[in-house]
Amino acid sequence: MTTSSNQNSGDNQYVLGAENAAEMARIMDQDKLTNESMGGLFPERRDHLEHIHSILDVACGPGGWVHEVARAYPHIDISGVDISAIMVEYANAHARVSRLANAHFQVMNALVSLNFPDNAFDLINSRFLLGFMSPPAWPKLVQQCMRKLRPGGTLRMTESEGFGIINTPAMGRLNELSLRAMFKAGRSYIPEGRSYGITAMLERYLREAGIVDIRTQGYGFNYSAGAPLHESWCANFTTALQLLRPFMTQMTQVVSATEYDDLVQQAQIEMLSDEFIGISYGLTVWGTKPAAYVPTS
Ligand SMILES: C[S@@+](CC[C@H](N)C(=O)[O-])C[C@H]1O[C@@H](n2cnc3c(N)ncnc32)[C@H](O)[C@@H]1O
């Protein structure tokens with residue numbers, strides 16, 4: 001249950017800070033909100049995962065999704081890997097106290113390698129990796145996943161498009177700044193766009209790696225006034241914005257730290273208005289590794 005290794009833990013590209021307790025707490029909240037907004041752990045599936053016995057979750061954070069899968073499907077052995085030592089330590093401790101003997105966590109840098117035997121997993125999952133991935137890194141990671149999946153196994157990836165559609169000035173401005181910062185940092189795809197573009201790319205990455213029977217399912221993360229998860233999503237996004245301050249001010253160089261703080265404060269006030277509209281979009285893309293797969297490298 002408690003395998004842990006520091007292997008590959010070197011270089012950290014995560015814009016929100018991997019060894020940060022506030023970010024760990026934020027991810028724990030986000031995990032619950034995301035599961036609720038998406039309608040479950042595997043909302044796209046109608047089966048009970050009877051034929052799935054081993055799962056890998058790439059960049060699992062403090063392990064919320066892994067713990068829930070381990071609890072709901074005791075016949076599945078599930079591993080989570082993350083670059084963050086504090087998150088992996090928490091994930092292992094939680095698995096131990098919750099007696100989830102089928103959940104394991106290791107420190108691992110997914111940008112370097114997935115250090116498992118080839119053909120080891122029936123399903124590989126990832127969610128919200130944009131904060132450390134870049135366009136050249138995606139095909140490499142998908143290739144790695146292909147190797148680690150057994151033939152017939154499922155690769156399943158979920159990403160979102162940031163803060164989405166917003167009707168207020170400060171939150172709108174922060175969204176623009178985040179899009180600009182991510183593009184400048186070489187993390188996203190659309191220079192002048194209103195989105196990162198990652199959800200449009202996932203299907204291509206899977207197809208180019210040789211995945212077949214690709215399907216997609218979209219989700220709305222509604223944080224508008226009056227939406228059931230309005231308050232919780234707004235608190236989560238505000239925390240994310242606070243943690244993003246060093247990255248945003250450094251990458252955009254158009255707002256000072258003080259101006260940035262004022263914008264975040266103004267955005268918080270806007271979110272309290274009955275008229276506030278905010279909805280972010282996510283996409284899950286999944287498909288199958290064919291039996292006849294031949295690795296390309
Ligand atoms: C937004 S969180 C998503 C966590 C989890 N997948 C979820 O949906 O709840 C992104 C995670 O990526 C991790 N991360 C950042 N760089 C990484 C890397 N190179 N290899 C593995 N994990 C990494 C961070 O520590 C963080 O836990």
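Which residues touch the most other members of the largest nonpolar core? In this predicted model, they are L114, W138, L141, L155, M171, I198 and Y223.

**View 1. The largest nonpolar core, all 74 residues of it.** Helix α5, spanning residues 169-184, is the top contributor, handing over seven residues. Both domain 1 (1-158) and domain 2 (162-194 + 220-283) chip in, with at least three residues from each. A separate core of 21 residues sits apart from this one, and its members include L41, I78, A95 and V107. As a rule of thumb, nonpolar side chains in soluble globular proteins tend to be buried together.

**View 2. A closer look at L141 and its contacts.** Skip anything within four places in sequence, and L141 is left touching V58, A110, L114, L129, M133 and M157. One of those partners, L114, is also on the list of core residues that touch the most other members.

**View 3. Helix α1, residues 21-38, end to end.** Its 18 residues cover 25 Å from first C-alpha to last, close to the 26 Å expected at 1.5 Å a residue. At the N-terminal end, N20 does the capping, with a side-chain oxygen 2.8 Å from the backbone nitrogen of A22. Buried residues along α1 include E23, R26, I27, Q30, D31 and L33. Just past the helix, G39 takes a positive phi of about 90°.

**View 4. Helix α8, residues 245-252, and its packing partners.** Here F247, M248, T249, M251 and T252 are buried. The buried residues of α8 pack against α5, α7 (230-243) and α9 (257-271). Q253 follows α8 and has a positive phi, near 50°.

Technical notes. Residues numbered from 1 in each chain as written. Predicted model: local features only at pLDDT ≥ 70, side-chain atom pairs only at ≥ 80, totals over all residues. Heavy atoms only, no water. Core = buried A, V, L, I, M, F, W, Y, C linked by side-chain atoms within 4.5 Å. Buried < 20%, exposed > 50% of the residue type's maximum accessible area, 1.4 Å probe, protein only. Helix = DSSP H or I, 4+ residues; strand = E, 2+ residues; numbered from the N terminus. Domains from an automatic or database assignment. Contact = heavy atoms within 4.5 Å. Expected span 1.5 Å × (residues − 1). Polar contact = N/O pair within 3.5 Å; in protein donor to acceptor, adjacent residues only side chain to side chain.
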